[in-house]
Structures are given as C-alpha cells and as structure tokens.
Amino acid sequence: MKTNNYYWLFFALVAGVFSLAYFDGDQITAVFTSQTTWLVAIIAFFLFLAFSAVSSASNAIKHYVAKKEGRDIGAEDLATETWWEKTWQKLQDSKPIEEETDIALDHNYDGIVELDNNLPPWWLWGFYLSMVFAVVYLVHFHVLQTGDLQIEEYEKTMAEAELQKAEYLKTAANLVDENTVTLLTDEASIKAGKKLFALNCAVCHAADGGGGVGPNLVDDYWIHGGSVNDVFKTIKYGVPEKGMISWKDQMNPSKMQQMTAYILSLKGTVPVKPKEPQGELYQGNAAASPNDSAQ
Amino acid sequence: MNTETFYYDNRWAKNFLIATMVWGLIALLIGLTAALQLVFPELNANTSWLTFGRLRALHTNGAIFAFVGNSIFAGVYYSLQRLLKTRIASDALSKFHFWGWQLIILSAVITLPMGLTSSKEYAELEWPIDIAIAIVWVAFGVNMFWTILKRRERHLYVAIWFFIATFVTVALLHIVNNLAIPVSFTKSYPVFAGVQDALVQWWYGHNAVAFFLTTPVLGLMYYFVPKAANRPVYSYRLSIVHFWALIFLYIWAGPHHLLYTALPEWAQSLGTVFSIMLIFPSWGGMLNGLLTLRGAWDKVRESAVLKFFVVAITCYGMATLEGPLLSLKSINAIAHYTDWIPAHVHIGTLGWNGFMIFGMIYWLLPRMYNTSLFSQKMANTHFWIGTVGIIFWALPMYVAGFTQSLMWKEFNPDGTLVYANFLETVTQIVPMYALRAVGGSLYIIGMLVMGVNVFRTIKSGNFIKEEEDSAMPLTKVFKKAKGEYWHRWIERRPVQLMVWSLVVVLLGGILEIVPTLMVKSNIPTIASVKPYTVLELEGRDIYIREGCNACHSQMVRPFRSETARYGEYSKAGEFVYDHPFLWGSKRTGPDLHRVGGKYSHSWHYNHMLDPQSMSPGSIMPRYPWLFGNPLNTIHSQEKLNVMVKLGVPYSQDYIDNWEHYMDLQAQAITDDLREQIEEVDVEKSDEIVALIAYLQRLGIDIKAEN
C-alpha cells in the first residue's frame, strides 16, 4: 500500500461522522434536527458529486480528444493534472483503462473477464476504520461502561426536564389546582377555552356541549359536581371508569381553567341535540361567587 | 477431448420473467391502493379484506417474493447455465419450482386478505404455506446445485457464490423464524415469545433484505452489468473481499431494528456496530458495479439498460450508507417508527431492485426472442418516469418522517407535549402521503410503458426455447495454475463454498440469538405479569388478523417524549407470554402498549365502529364487521393447550372451564357497554368484545405491582 498525504482528509471526514455517535443525545438531536444542517449537508454532498463528475468527465474528454488527434498524452499532461485528480487517483489506485489488459485475469465466464485491480485504498481504510469504530463503541458502552445506556440516558433526561419545568413554573402564573381555581369570565379566556373544547372535548360532548358519548354540559345537572372546582377536577383527573379521560398530562392548569370557564359559560344556551339531563341539580355558579364549592 | 454441444433451456427463465412483470404490477398496484388509503380512508371501503392492515402485508410480500423473487429465479436460470456451460440439471425440477412458486404467491394473495397471518413482517404466511415455501426453495437449491455439479466450467464465477450463499441463508432464516406450533390448519403460535421472538423476527426481517433483496441481486449484477456493458469486471479481489465480508457481517445487524426497545443492550450495540462495518462491504459491490462501467459511459447515454443499472447501483450505494447511519442510536431515535424508514426501504426496492429488474428485462427478452427491443425510446421514457417516480415517492416521505418525529418530541416549557394529540402529527403529513402516491403512480405508469414495449418485442420475435452452445467437458484431473490466487481453491469446490457460507452466516446468528434465549438475566421477570385471559387471547388474535401492528407499535421507548405521551416505558419482562410479539415497526397511529385502561370500553367501541367519530380527521379504517361477527371459539381451548406447550402457565382448571371464564369477562364488558352507550346493539359473543378485552389489558400488569 502506497502512503498518501491526503489520507488524513478522508480520515477526518469519516471519523467526524462516526464520532457523532458519542455526543450527548440532545446535542446530536439538535444538530440533526436543525434544517440548516441537513440543507448544508445535502448541498455539500451534491456539490461534491458534481465536482467529481465534472472533473472525471473533463479528464475523459481530454484523453479522448488527444487520442483522436493522435497526440500522445505523456508526462506533460499528467503534470497538469489537478490536485483533485491526483488525489483521487491515489485514493482509488486503479489501473488506467488503456493498461487494463495487464491486469486482466485469465478468467472467462460466458465472455465475462475479470480485472485484478487493487482494493481502492479509501475503501480499505474506511473498512478498517469502521472496525476500529466497532471496537471502540463496544468497549465504551459495555466494557468500560463509560457511555450511558438507554435507561441512564432516560433518567438523566427526565431529571433535567424536571429541573427545567420547576424553573419555569416558578415564574409561570398557571399554578392553579382544583382548590385554588377561580372562574374566569373575561372574553379572552372563554375564547381560548372554546378552542380547546373544540379540539379535545367536542368529540364526546358535542361541539355545542349538548352531549353524546359524554353527558350534556349545558343543562343544570352534573354527575360529578357543577362547581368550578368540581368541573376543573373532573377535567384534570378524569373519571376513567366512566370513560372520561384525565387531561393533566396533556394540558397545563391554566388551559384547564380556560376550558372550565368556557364549559360553564355554556349554561343556558340551546344545543342542537341535547342529551337528557344526568346527575344532580346544581345551581351554584349562576349566582354564587367564583370561589364557591360544591359542599 | 472433443467439444460437446448442448442446449440451454430458456423456458423457465422466460416464464419467471413474465411472472416478474405480472406479479410486479399487481404488487405495486396493491401498494398504491394502500398508499391512497392513508390519504382517503374511505378507500378501505368498510370491507375486511380491503383494509390497510391486511393489504400492507400483501404488498410487502408481493414486492419481495413475487416481484423480486421471480426476477431472481429468472436471472439465475438464465445466467447459471451460461456461466457453467451446461443445461439446467432437471427440467422437471424447473417446472416444479416455477409452478410451486406461483402457487405459493397465489395462496398469499388469497390468505393474507382473509386475515390469515402470523403477524411477523415478511413472514406473515401461515404454516402450511411456510412448509410449501421450504419445499419449493429446496427444489430450487437442488436444481441449482445439481447444475453446478454437472458444469463444464472448473471455477465458479462470483455471481454463483452469491446464489449459493442466498440459497443456504434464506433456507436457514425461513425455517428458524417460522418455527411454530399449529393450532389449526390456518393458525399457529411461534415458539418464541416477546423479546426473543422480536430478536428472531428481526434477525430474519433484516436478512430477508440482505439475502433476498441484496445478495442474489448482486449476483445478477455481476452477470448482467458486464454483459450489457461489454466490459470486464473491475476487481476480482474486491469481489472476494466484499462477498465474504458482506455475508459474515450482514447476519449480525438485525438488532438495529430494535434500538431503544426492551431488547438487551449488548445485542442492540452489536446491531449498531455490525451495521457500521457493513458500509464498506456493501460499497464494495457498488464499486465493482459502477467501475465495471468505466470506459462505457458513452454507452450509458444511449442504452436504457445501462441507465437502469447505473441508477440501481447508485440507489444501492445510497441505501447501504443510509441504513448503517440509521443504526446509530442518535439518528435512530429520530427516524424509527416514522416515514423515514419506508423512504429508506423504497430507495432500495424501487431503485435497486426495481431498476435492476427492468434493466435485466430489457436486456434479456430481446435475446431470448431473437429480436431487438421494440423501442429504445419507450425504454428511455420508462427510465425517466421511473426515476422521477422514485424521487416523488421518497422525498415527501423523508419530509414527513422528520416533521412527524419533531412534532412527537416537542415540549412546552411547562413540561407538557406541544402536540399531545397524536392525530395532529398525522394530519400534518397527510399531504406528503398524497405526494408519495403520485410518485408511486408514476413508477407504475413506467411499468405499463414497459409492458407495451415488452409485448411488442415478443410479438416481433421468435422464442428460442433451446439455445445451442458448446464447450469442452471438464477433465478428471486438474492441474492448478502456478501462482494461482488462493481463493481459486474454493471456487472449484461448490460444496465447500456452500458449507463455509453457512458457517459464516451461522456465527452471527448463533452468537446473538442463543444467549438471548438461554441467559435468564436478559429478560428480568416481573411477578405481576400474568398470561392473557382466553377472551383477551382471542382478542389478540383479532388484532393480529386485522394487521393492527402494521400501524401501531407496542413498544414505549425510554424517551421523555414517549413516557409523557404513552406512560411508563416497556420492559422486557412484560412480553414473556406474547406469542408472537407485536412490537410493530411503524407508528402511523399511536403506540398501544399502555392503552389498557386509558379509555372507556365505550370509547373503543365507538372508535372501532367509526374512528372519525372519536378522532375527527383520523385516517384509521372502520371495522364494522367486528360488530356483526360472532367470535369463533372453536379453537379457543386448543389455543390454550398450545400456549401451555409453549410454557405459558394456564391451570388445568382454566383450560377445562375456559368457556365459563370467557363468558364472565365478556358479560362484564357487554354490561359496561350497555350502560355507557344508549341503545347499543352489542352481544357478548361479538368479536369487538374480545378485542376490547385485549386492548384494555395492554400494558396494565405492571401497574398492579406499583
């Protein structure tokens, strides 16, 4: 194998790609999910292809023209070969087509002849490098155990997420729970609640709250209580045994508060197909203060 | 010694080639139907045998075993005789092989839409058909080997090494992955469960790609590319190194389909590193193909055949770089379960397999019909339509894959998911599904153009049934040439070549699978995990029959974005009674492993009847037949008995009184439904009741422990 000064370039490239695996999961996700990265990579790849294609084509044409004109492509032409061509030739290490009869083997299978070109050095070194990668990877994760396995990785992410969340909640104004929730009456909140209702609740309770799979939310009768606190609580924890799912993992408290506001604002409207009343009569909210509770 | 004259048999190569075109068109039309169903769910037509879950298996099996399978046999029957200078050994075996294979395909076309499936990807066919496949495959192997033994060419050309490796490995994979105990003529349970079943399945699944879609096609490449270009093969040495490296390394890479799952991590890591090591052996094939065309690039401009080959080999190179990169955990975490994976696969099948096949057809048919191609122009048109078709197929799916994956993982600062409703991430990418269908249609239009061209070519020629050739017979004594390359030794010993190929592929298989089966620590048991009730087991079989696992995974990975969406991540010990495992490989819908107890019975009832009533905009088909069909319980007891044989602990009392237990559970669910839904018309014997029982059981056993 001939040594080559430019091998390092190829090495750096392949090593770069392989080393990606050792980065932290989030960093790598960030890099790989950034559209810019992909765009740049794709453009660079195509530029590279185009460059190689143009370079090899121009080379071929040069030879072809020279041959046609009866000129001998001697040393002087070779000397004018570009840096890229020379590098490529070394990385590829193939016999020129004109000399290929020298390396034609005496195999002949139904007219198919085989040449005895060397393994392309870039290919061979890439192969070796991938083996090195394999050993390093296994040693890193399973022998030295210096890399995080998936559960450790998960637990770290979760701990970090908890911290971030706590940090955020310190400053956020959406800490209401079923005990502290108040009835919002401003138009913006009710409008926001309406949107959330359409997206999440309308399926079972109908778009106008008239009920369907789930009960009617417009009338004065409530199965699980009709106070602000009760409605919020029903949304938050759900009533799984009856089919009402819990929304606390999918929606933050302020959103659930907005939804409560919208639901209670429906009182007195007339749905298209109202479901018959279920549960107990509750008349608290109409007159009562928002902090009223069901007891 | 005198030259001998003999005749090549072209009939079966031709028949396989025609079968390739016919089945190929059918398989792709089914694929197009399935693609359109994701855009227009009404196309499921409320008809059981037309639903996506059943058609998907038919499409994949058709594309792999009917389209590519027939083309491989066509190529082998044509090239083998000529490379060995002898007639195919047995006309009777050829005939048996051809008709046997077509019957198997026909039986797949009938049974898969009926819902008779083992649920294991690319191995869905039930056990009687599996046995038929094994017999026909062996007939093919015998015919090939017998021909090799009768050869007039001392050494085996590289194409034949690939054929031999293909033959032994596919036989091995097929048999091990389909080991099952029959319940009835149309139903069986695999001997492996859960994690082990998953490992065996993806050892098979990955190597079906490797040894059915890759190695035999490389063999075809080594014959047809140098023939069509009339150029010598670039490097004999490269052939040797990449052949052995490829078959040795490929077999280990299966676990890369199971990264971040409950599979033991040492196995996952093996999958990753062996995939990375596969890049260069795969590229060895690409290099030898493309560099063989050195000095023939001017011909590529003219010849549609060479154009097809160039794009095919380039697609092979792209897919075999992409595959290993997808095996890196960081990239896999983004791509797995999304449409990125189908995009990757279709670069391989439409590009590499399809275009190799088309090139081969255009080259082979005129020769066998002693004529020239009816229209080069049409062939070139086919090439361009097909290429644009591939791009339109793959690009939208890459975009869809990225987009959906990012949406799945996006959090609000308060720790809730931005797209908590899975459906939002689906409706976002439906336009991409539509574009993909456009790409598929273009590809099919290209095939129709080919059909016309082929038909006119056949019309204009005369089929040469028997083609004369002559060669010297092999001498008894062989004196090897001085300084011959060491590898020549095995090239004149087909039996050793086969045995060594087998040894090489067995290594990876055994070293990965056996420890997973034997070492207890690989699957920590969970005391609260109990076997399914008989009703749940029947529900599970409905889930399998409907192909729910084509769109729904049952494997919550240990990611924050998944535990927030679905619940606790899945543990190996939860699957110990899952014969077969149902982890799935694609999330067109949400994961279902923790769906148990999440919704009410009534929600499931309404959702299965009309998914859009519960999730407006859903692209899931409706399943009205589950509501009319009474549950078939003829085999219920036998199912329990088979499960006991497989090590699932059902008590004798339970097996004896299964009807009683089934009735109790079904009655309770029916009562709930009647209470929850007004005027519901449900009987406890309805199939839907069993399915609900199963869905409500999913993933809840570990909750009992907490």
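What percentage of the 706 residues in chain B do buried residues make up? Buried residues, meaning those under 20% relative accessible area (over 50% is exposed and in between is partly exposed, with a 1.4 Å probe and protein chains only), make up 68% of the 706 residues in chain B.

This is a predicted model, in which local features need pLDDT of at least 70 and side-chain atom pairs count only at pLDDT 80 or more, while totals for chains, interfaces and linings use all residues. Residues are numbered from 1 along each chain as its sequence is written, chains are lettered from A and ligands numbered from 1 in the order in which they are written, and side-chain values use heavy atoms, with hydrogens and water left out.

The two chains can be set side by side, with helices (H or I, at least four residues) and strands (E, at least two) taken as DSSP runs numbered from the N terminus.

| Chain | Secondary structure | Buried residues |
|---|---|---|
| A | 12 helices, 2 strands | 36% of 295 residues |
| B | 28 helices, 4 strands | 68% of 706 residues |

The radius of gyration of chain B, taken over C-alpha atoms, is to be set against the globule rule of 2.2 Å times the number of residues to the power 0.38. For chain B the value is 26 Å, close to the 27 Å that the rule gives for 706 residues, so the chain is as compact as a globular protein of that length. Its C-alpha trace spans about 90 × 50 × 50 Å along the principal axes. With contact meaning heavy atoms within 4.5 Å, residues 24 or more positions apart account for 83% of the contacts in chain B with a separation of 6 or more.

Within chain B, B:Arg540 is found in helix H19 (residues 534-545) and is buried, with a relative accessible area of 2%. Leaving aside residues up to four places away in sequence, B:Arg540 touches several residues, among them B:Tyr532, B:Asp578 and B:Tyr694.

In chain A, the elements run α-α-α-α-α-α-α-α-α-β-α-α-β-α from the N terminus on. Helix H10 (residues 228-237) and helix H11 (residues 253-265) of chain A pack at an angle of about 125 degrees, with their axes 9 Å apart, where axes are lines fitted to C-alpha atoms, for helices over the stretch in contact, and angles run from 0 to 180 degrees between N-to-C directions. H10(A) and H11(A) are therefore oblique to each other, given that angles under 35 degrees count as roughly parallel, over 145 as roughly antiparallel, 65 to 115 as roughly perpendicular and the rest as oblique. The contact includes A:Phe232 of H10(A) and A:Met256 of H11(A).
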